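I opened the notebook to log what I looked up in this structure. The entries follow in the order I made them.

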Amino acid sequence: MPNGMLVRITRINCLFITVKNKIHTIHVCHRASAGVLPCPSRTFCYHLCAQQQRLHTLSYNHSSIHRHGRHSTADVVALPSMAIEVIVKAAVGAPTILGDCPFWQRVLLTLEEKQIPYKLHLVDLSNKPQWFLEVNPEGKVPVIKFDDDDKWIADSDVIVGLIEEKFPNPSLSTPPEFASAGSKIMGAFVTFLKSKEPDDGSEKALIEQLKALDNHLKEHGPFVAGEKVTAVDLSLAPKLFHLEITLAHFKGWPVPTDLTHVHNYTKLLFARESFVKTKPAIEHVVAGWAPKVNH
C-alpha cells in the first residue's frame, strides 16, 4: 500500500493498530484463540486480519476489535500511514448517530467493500459547525479527504471514482454496458413519494423502472453485472433501502411481489456485511424524509 509502513508479524494470533494524532501504535495479541478484545482507546482502530499470507485491512470500530484471524507464519505487510476521513450526515435529532442519506452510504459501502480504513465525522446539517463550512463552503455531504491530499472532495460520483482510482483492488468497476441499470429509479421513487395525486402516473412510472431492473436481473443477475457486486450495486442498494422504508411508511406501498428478482437482489444487498455496518436506522430514514414528504 503506498505511503505505508512495513511490519513483520511472526508467530502471533492477531494484531491490531490504533492511530491517534497520526502516531501509530502496534498491539500484538498472543491469545490462543480468536475473540473480542477491548480497544485501548476511544479513538478509531484499524482491525487487521491476516489471511492467506496477506493482511486485509478492515474498517474501524470505536469500542472493540471484534474477530481476529490467526497467523502462524512470518509475513511482511504494509499498513496505511493515515486513515481517509469522511464527513457524512448525522441523524435528525441525534447528532451522534448516522443519518439517512443514500449518497454518503454509497461512499461508505465502497470503502467497506474494499476494506479501506476510514475516520468518520458526523455533521448535523440543521446546525452546520463552522469547521465544516470552512472545509466545505457548500455545506453538502458526503465529503472525503484522502491521506495524500489536504483537499476535501464532494459529490459521491466523484468520490467513488477517486476511491476506485486510488485503490483499484479489489475492483468494483461496473462494465459500461451495465452502468446505467436502475439509474432512473431514484427520480421515479422521489416523484411518487411526494405525489399528492393518486392518478398522476407517478406510481406507474416507478413500477416501470422497477420492472426494467427486474428484467435486467433476470437475465444478468443476481447482481447487476452478474455474480460479483460492483459500483452500480453499491449505488442502488441505499436508494432501494430508502424506497422500501419510506413508501411503506408514508404511503403503505410495498414493492410488487411479482418483481421476484428485485426482491432477491435487495435481500442479497441488505444482508452484506458492508451494508449492515453502514445502514441508517429505519426511524432515522423516516425522520429524514418527513420534511420532504410533508412539504
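I began with the cut-offs for accessibility: buried means under 20% relative accessible area, exposed means over 50%, and partly exposed lies in between. I also noted that the model is predicted.

**Entry: leucine 122**

I looked up leucine 122 and found it in strand S11. Is leucine 122 buried, partly exposed or exposed? Its relative accessibility is 27%, so leucine 122 counts as partly exposed. I then listed its contacts, leaving aside neighbours within four places in sequence. Leucine 122 touches Val88, Lys89 and Ala90, and also Pro95, Thr96, Ile97 and Leu98. I checked one C-alpha separation as well. Leucine 122 and isoleucine 87 are 35 residues apart along the chain, and their C-alpha atoms are 5.9 Å apart.

**Entry: the whole chain**

I stepped back to the chain. I counted 9 helices and 13 strands in the protein chain. It has 295 residues, and 48% of them count as buried. I took the contacts with a separation of 6 or more and asked what share joins residues 24 or more positions apart. The share is 66%.

**Entry: salt bridges**

How many salt bridges does the count come to? I got 6 salt bridges. I followed up three pairs, given below.

Lysine 89 came up among the contacts of leucine 122. The lysine 89 side chain forms a salt bridge with that of aspartate 100, at 2.6 Å from N to O. Lysine 89 sits in strand S9, residues 84–91. Aspartate 100 sits in the loop between strand S10 (94–98) and helix H1 (102–113). The two are 11 residues apart. Lysine 89 has 14% relative accessibility, so lysine 89 counts as buried. Aspartate 100 has a relative accessible area of 4% and is therefore buried.

Next I took lysine 277 and glutamate 112. Their side chains meet in a salt bridge of 3.1 Å, N to O. Lysine 277 is in helix H8 (residues 273–278), and glutamate 112 is in helix H1. This pair links distant parts of the chain, 165 residues apart. I checked the accessibility of each partner. Lysine 277 is at 39%, so lysine 277 counts as partly exposed. Glutamate 112 is at 11%, so glutamate 112 is buried.

The third pair is lysine 114 with glutamate 164, whose closest N and O atoms are 3.0 Å apart. Lysine 114 lies in the loop between H1 and strand S11 (118–123). Glutamate 164 lies in helix H3 (residues 156–166), and the pair is 50 residues apart. Lysine 114 and glutamate 164 are both buried.

**Entry: H1 against H3**

How do H1 and H3 pack? I read an angle of about 5° and axes 9 Å apart. Angles under 35 degrees count as roughly parallel, so H1 is roughly parallel to H3. From H1, the contact uses Phe103, Arg106, Val107, Thr110 and Leu111. From H3, it uses Ser156, Asp157, Ile159, Val160 and Ile163. I sorted the residues of this contact into 6 nonpolar, 2 polar and 2 charged.

I looked more closely at threonine 110, in helix H1. Threonine 110 has 6% relative accessibility, so threonine 110 counts as buried. Neighbours within four places in sequence aside, threonine 110 contacts Val160, Ile163, Leu172 and Leu234.

**Entry: H5 against H6**

I moved on to helix H5 (residues 202–220) and helix H6 (residues 231–251). They pack at about 140°, with axes 14 Å apart. H5 and H6 are therefore oblique to each other. The crossing of H5 past H6 is left-handed. Leu206, Leu210 and Leu213 of H5 make the contact with Leu236, Leu240, Leu243 and Leu247 of H6. I sorted these as well: 7 nonpolar, no polar and no charged.

**Entry: aspartate 258**

I closed with aspartate 258, in the loop between H6 and helix H7 (260–270). Is aspartate 258 buried or exposed? Its relative accessibility is 53%, so aspartate 258 counts as exposed. I also looked up lysine 211, 47 residues from aspartate 258 along the chain. The C-alpha atoms of aspartate 258 and lysine 211 are 9.3 Å apart.

Terms used:
Residues are numbered from 1 along each chain as its sequence is written. This is a predicted model: local features need pLDDT of at least 70, side-chain atom pairs count only at pLDDT 80 or more; totals for chains, interfaces and linings use all residues. Side-chain values use heavy atoms; hydrogens and water are left out. Axes are lines fitted to C-alpha atoms, for helices over the stretch in contact, and angles run from 0 to 180 degrees between N-to-C directions. Helices (H or I, at least four residues) and strands (E, at least two) are DSSP runs, numbered from the N terminus. Angles under 35 degrees count as roughly parallel, over 145 as roughly antiparallel, 65 to 115 as roughly perpendicular and the rest as oblique. A crossing is left-handed if the near helix is turned anticlockwise from the far one by less than a right angle, and right-handed if clockwise. Contact means heavy atoms within 4.5 Å. Ala, Val, Leu, Ile, Met, Phe, Trp, Tyr, Cys and Pro count as nonpolar, Asp, Glu, Lys and Arg as charged, and the others, Gly among them, as polar. Buried means under 20% relative accessible area, exposed over 50%, partly exposed in between (1.4 Å probe, protein chains only). A salt bridge is a side-chain nitrogen of Lys or Arg within 4 Å of a carboxyl oxygen of Asp or Glu.
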